[in-house]
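This briefing is meant to be read with the sequence and the coordinates side by side. It is arranged by topic, so that each group of residues can be located in turn.

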Amino acid sequence: METRIAIGSDHAGFELKQQLIQRLREKGFEVKDFGTYSAESCDYPDIAHPLAQSVDRGESPWGVLICGSANGVAMTANKYPHVRAAIAWNNEVAALARRHNNANILCLPARFISPEEAWQCTLTFFSEPFEGGRHERRVEKIACS
């Protein structure tokens, strides 16, 4: 598994992002922080676009985006053709996002998930392989290009 991870959040996810960065680095991951860098109010697209561009271009193989509901960052990230951003709030959803959808950006809802649940989702997301097979055909149909 590639150990480079791009991570970013808006103000609602700032504290959770900081906790995840520390834990990821302790596990040996190389983490690139795309911001925000404080709990001061900011606009989630300003964080999600650069991170998603990094994943889309292959500069970062994986990403984690965090905002209050995870919807805004997921919608923004999914504008890029090589991005499959998935919202997860528990281990089962995180696992299925990888196994069935080959997701490459995990989106976490900071206002609806505990730090420990977020950590478990993150670990699950980065440890699950894509199953391929029948899912490959479906994933190929996602792209509009």
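The points below cover aromatic pairs, cysteines, one histidine and the largest pocket.

The structure is a predicted model, and the values that follow are computed from it. It holds 4 aromatic pairs, and it holds 0 disulfides. The largest pocket has a volume of about 210 Å³.

**Aromatic residues**

- Among the 4 aromatic pairs is the one formed by Trp-62 and Phe-125, which is edge-to-face, with 6.0 Å from centre to centre and 80° between the planes.
- This pair links distant parts of the chain, since Trp-62 lies in strand E3 (residues 62–67) while Phe-125 lies in helix H5 (residues 115–127), 63 residues apart.
- Phe-125 also forms an aromatic pair with Phe-126, again edge-to-face, in which the centres are 5.3 Å apart and the planes stand at 85°.
- Trp-62 and Phe-125 are both buried, and Phe-126 is buried as well.
- Phe-29, Trp-62, Phe-125 and Phe-126 together form one aromatic cluster.

**Cysteines**

- Cys-67 is in no disulfide, and the nearest cysteine sulfur to that of Cys-67 belongs to Cys-107, at a distance of 7.6 Å.
- Seen from Cys-107, the closest cysteine sulfur is that of Cys-67, and the two are not bonded because 7.6 Å is too far for a bond; the cut-off applied to a pair of cysteine sulfur atoms is 2.5 Å.
- Cys-67 has a relative accessibility of 3% and therefore counts as buried, and Cys-107, with a relative accessibility of 0%, counts as buried too.

**His-135**

- His-135 is found in helix H6, which spans residues 134–140.
- With a relative accessibility of 3%, His-135 counts as buried, because the limit for that class is under 20%.
- When residues up to four places away in sequence are left out, His-135 touches Arg-99, His-100 and Phe-130.

**Largest pocket**

- The largest pocket, with its volume of about 210 Å³, is lined by 13 residues, of which Tyr-80, Pro-81, Ile-142, Ala-143 and Cys-144 are the closest to its centre.
- By residue class, the lining of the largest pocket divides into 7 nonpolar, 3 polar and 3 charged residues.

Terms used: Residues are numbered from 1 along each chain as its sequence is written. This is a predicted model: local features need pLDDT of at least 70, side-chain atom pairs count only at pLDDT 80 or more; totals for chains, interfaces and linings use all residues. Side-chain values use heavy atoms; hydrogens and water are left out. Rings of Phe, Tyr and Trp (its six-membered ring) pair if their centres lie within 6.5 Å; planes under 30 degrees apart count as stacked, over 60 as edge-to-face and the rest as tilted. Helices (H or I, at least four residues) and strands (E, at least two) are DSSP runs, numbered from the N terminus. Buried means under 20% relative accessible area, exposed over 50%, partly exposed in between (1.4 Å probe, protein chains only). On a 1 Å grid over the protein atoms alone, a cavity is a set of points where a 1.4 Å probe fits but cannot get out, and a pocket is an open set with protein on both sides within 12 Å along at least five of seven lines; lining residues have an atom within 4 Å of a point. Grid points are joined across faces, edges and corners, and a volume is the space filled by probe spheres set on the points. Ala, Val, Leu, Ile, Met, Phe, Trp, Tyr, Cys and Pro count as nonpolar, Asp, Glu, Lys and Arg as charged, and the others, Gly among them, as polar. Contact means heavy atoms within 4.5 Å.
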